[in-house]
Amino acid sequence: MTDKYRPLKNAFGRFATGIAVAACRNGNGALRAITINSFTSVSLDPPLVLWCLENRASTYTSFMEADSYSVNVLRADQRAVSDHYAGYLPDPVSEDGFEKWATGAPVMKDHLAAFDCKVVARHEAGDHVVLVGQVLRFDCAEGEPLIYYASNYFQGTD
Ligand SMILES: Cc1cc2nc3c(=O)[nH]c(=O)nc-3n(C[C@H](O)[C@H](O)[C@H](O)COP(=O)(O)O)c2cc1C
């Protein structure tokens with residue numbers, strides 16, 4: 001089946017990005033997470049970030065109902081984690097790969113950077129919703145980033 005959005009996706013995809021996993025807890029306390037590349041820093045004071053969630057994502061209701069989320073930036077060697085939370089592979093990160101920081105959202109212990117955020121705004125925008133979060137705690141580590149460009153991963157030495 002042809003994808004009528006492929007030409008637009010191809011053009012959007014010429015903007016190279018990192019890859020992150022956004023995570024929250026649903027109403028039953030279950031871990032919900034999704035691979036994203038729409039993460040952007042917004043403001044330093046107050047510290048704000050945003051990312052965009054597709055309306056049709058299986059995690060949509062969980063993120064719409066959660067009052068906090070984490071964004072976990074992946075290292076080059078965490079491609080399997082990206083694939084898993086994009087829905088492609090079995091789980092390489094179990095519940096004990098996450099911990100609680102300031103907000104109660106699940107934060108990945110193993111990360112290049114992590115941001116624990118309180119949701120401060122949700123803006124509907126076409127077939128996505130923009131989730132704006134205030135960073136209550138963050139961390140960053142040394143390492144190579146996992147890069148996404150033109151629908152492909154790049155792992156530092158590529
Ligand atoms: C590299 C990459 C980046 C992605 N970025 C986003 C994103 O920013 N927002 C989003 O809603 N989905 C994004 N997706 C798609 C989701 O990770 C996921 O594949 C999609 O929501 C389908 O999952 P589901 O079957 O659980 O609904 C991205 C996927 C990949 C592989």
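**Notebook: pockets and ligand**

Strand 3 gives six residues to the lining of the largest pocket, the most of any element. I note at the outset that this is a predicted model.

**Largest pocket**

I looked up the volume first. The largest pocket holds about 1800 Å³ of space. I then listed its lining, which has 42 residues. Nearest the centre of this pocket I find K9, N37, E54, H128 and Y148.

Next I asked which elements supply at least two residues each to this lining. They are helix 1 (6-12), strand 3, strand 5, helix 3 (79-85) and strand 11 (147-149). I sorted the lining by class as well: 21 residues are nonpolar, 13 are polar and eight are charged.

**Ligand**

Where does the ligand sit? I place the ligand in the largest pocket. Two elements give two or more residues to the shell around the ligand, namely strand 3 (31-36) and strand 5 (48-54). Both strands also appear among the elements I listed for the pocket lining.

I count 14 residues around the ligand. The closest are T35, S38, C52, E54 and S58. E54 is thus on two of my lists, as it also lies among the residues nearest the pocket centre. By class, the shell divides into nine nonpolar residues, four polar and one charged.

I then checked backbone atoms against the ligand. Which ligand atom lies 2.8 Å from a backbone N or O atom of C52? It is a nitrogen atom. For E54, a backbone N or O atom lies 2.8 Å from an oxygen atom of the ligand. A polar backbone atom of A86 is likewise 2.8 Å from an oxygen atom of the ligand.

How much of the ligand does the protein cover? On its own the ligand has 630 Å² of accessible area, and I read 76% of that as covered by the protein.

**Second largest pocket**

I moved on to the second largest pocket, with about 150 Å³ of space. Its lining consists of S41, V42, S43, L44, P47, L48, V49, F115, V135, L136, R137 and F138. Strand 4 (40-43), strand 5 and strand 10 (128-140) each give two or more residues to this lining. Strand 10 has the largest share, four residues.

I classed this lining too. Nine residues are nonpolar, two are polar and one is charged.

**Cross-check**

I went back to strand 5. Strand 5 gives at least two residues to the lining of the largest pocket, and two or more to the lining of the second largest pocket. Strand 5 also gives two or more to the shell around the ligand.

Key: Residues numbered from 1 in each chain as written. Predicted model: local features only at pLDDT ≥ 70, side-chain atom pairs only at ≥ 80, totals over all residues. Heavy atoms only, no water. Near = heavy atom within 4 Å. Polar contact = N/O pair within 3.5 Å; in protein donor to acceptor, adjacent residues only side chain to side chain. Areas by Shrake-Rupley, 256 points an atom, 1.4 Å probe, with all protein chains shown as cover. 1 Å grid on protein atoms, 1.4 Å probe; cavity = no way out; pocket = protein on both sides within 12 Å on 5 of 7 lines; lining within 4 Å. Sits in = over half its atoms within 2 Å of the grid points. Nonpolar A, V, L, I, M, F, W, Y, C, P; charged D, E, K, R; others polar. Points joined across faces, edges and corners; volume = space filled by probe spheres on them.
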